[in-house]
Amino acid sequence: MSRRTSRPRATAAPRITPASPCPCGLPAAYGECCGRYHSASAAAPTCEALMRSRYAAFAVQDAPYLLRTWHPETRPPGVDFDPAMRWVRLEILDTTEGSAFHSTGTVTFRAHYTDDGRPDSLHEKSRFVRHVGAWVYATPAFVD
């Protein structure tokens, strides 16, 4: 007989391969979409692409990428992943500026997740800036 606690046992992050659908929600394989940014074989060309790739990095638990794409003035010393949390869907609600011709931009999004199987979401307007020529995440402005 086994003993059970009221909290379900957390499992490892889902295995994402280069051929898997990209967690960011675009209709491309991970290796052709956000995976190329995570591997540093390409840089996100817009702040929306960076936002999508950062969401995917949370989904695949790629802490080095998250830290690399965080502005040094606001970057935390590390990223801890909650083993009970699963990122399930990203909705881009609005973008301002953030193209190859801009130095700043914002992305408003809703990131859907489950926490111990309970659905929830994070609604945020993120500010991005160019730092040493690349887009980086600067600051959040939580919407709700």
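Two strands pair if DSSP finds at least two bridges between them. The exercises below apply this and related terms to a predicted model.

**Exercise 1. Lay out the chain.**
Task: State how many helices and strands there are in the chain, and the order in which they run.

Solution.
- Step 1. The chain holds 3 helices and 4 strands.
- Step 2. Read from the N terminus, the elements run α-α-α-β-β-β-β.
- Step 3. The chain has 144 residues, and 38% of them count as buried.
- Step 4. Take the contacts between residues at least 6 apart in sequence: 45% of these join residues at least 24 apart.

**Exercise 2. Describe the hairpin.**
Task: Find the sense in which E2 and E3 pair, and describe the turn between them.

Solution.
- Step 1. Strand E3 covers residues 118-131.
- Step 2. E2 and E3 pair in the antiparallel sense, over 12 bridges.
- Step 3. Pick one bridge: His 112 has Ser 121 in E3 as its partner.
- Step 4. The two strands form a hairpin, with 2 residues between them.
- Step 5. Check the turn: Asp 116 has a positive phi of about 55 degrees.

**Exercise 3. Dissect the largest nonpolar core.**
Task: Name the residues with the most contacts inside the largest nonpolar core, and the elements that give two or more residues to this core.

Solution.
- Step 1. The largest nonpolar core has 21 residues.
- Step 2. Those with the most contacts inside this core are Leu 50, Met 51, Val 79, Leu 90 and Phe 128.
- Step 3. Two or more residues come from each of helix H2 (47-60), helix H3 (63-68), strand E2 (104-115) and strand E4 (134-142).
- Step 4. H2 gives the largest share, 6 residues.
- Step 5. Another core, of 7 residues, lies apart from this one; Tyr 30, Cys 34, Ala 56 and Val 60 are among its members.
- Step 6. Now take Leu 50. Beyond its neighbours within four places in sequence, Leu 50 is in contact with Ala 44, Tyr 65, Thr 69, Phe 128, Trp 135, Val 136 and Tyr 137.

**Exercise 4. Compare two loop residues.**
Task: Classify Thr 69 as buried or exposed, then do the matching job for Pro 72.

Solution.
- Step 1. Thr 69 sits in the loop between H3 and E1. Pro 72 is found in the loop between H3 and strand E1 (85-97).
- Step 2. Apply the cut-off: buried means under 20% relative accessible area. Thr 69 has 7%, so Thr 69 is buried.
- Step 3. Partly exposed lies between that value and 50%. Pro 72 is at 37%, so Pro 72 counts as partly exposed.
- Step 4. List the contacts of Thr 69, leaving aside neighbours within four places in sequence: Leu 50, Arg 54, Val 136 and Tyr 137.
- Step 5. Add distances. The C-alpha atoms of Thr 69 and Leu 50 are separated by 8.1 Å, with the two residues 19 apart along the chain.
- Step 6. Pro 72 and Tyr 137 are 65 residues apart in sequence, yet 9.4 Å apart in space, C-alpha to C-alpha.

**Exercise 5. Profile the largest pocket.**
Task: Give the space in the largest pocket, then the make-up of its lining.

Solution.
- Step 1. The largest pocket holds about 280 Å³ of space.
- Step 2. Its lining has 16 residues. Arg 54, Phe 58, Leu 122, Glu 124 and Tyr 137 lie nearest the centre.
- Step 3. Sort the lining by type: 11 nonpolar, 2 polar and 3 charged.
- Step 4. Trace the sources. H2, E2, E3 and E4 each supply at least two lining residues.
- Step 5. H2 supplies the largest share of the lining, 4 residues.

How values were computed: Residues are numbered from 1 along each chain as its sequence is written. This is a predicted model: local features need pLDDT of at least 70, side-chain atom pairs count only at pLDDT 80 or more; totals for chains, interfaces and linings use all residues. Side-chain values use heavy atoms; hydrogens and water are left out. A nonpolar core is a set of buried Ala, Val, Leu, Ile, Met, Phe, Trp, Tyr and Cys residues joined through side-chain atoms within 4.5 Å. Buried means under 20% relative accessible area, exposed over 50%, partly exposed in between (1.4 Å probe, protein chains only). Contact means heavy atoms within 4.5 Å. On a 1 Å grid over the protein atoms alone, a cavity is a set of points where a 1.4 Å probe fits but cannot get out, and a pocket is an open set with protein on both sides within 12 Å along at least five of seven lines; lining residues have an atom within 4 Å of a point. Grid points are joined across faces, edges and corners, and a volume is the space filled by probe spheres set on the points. Ala, Val, Leu, Ile, Met, Phe, Trp, Tyr, Cys and Pro count as nonpolar, Asp, Glu, Lys and Arg as charged, and the others, Gly among them, as polar.
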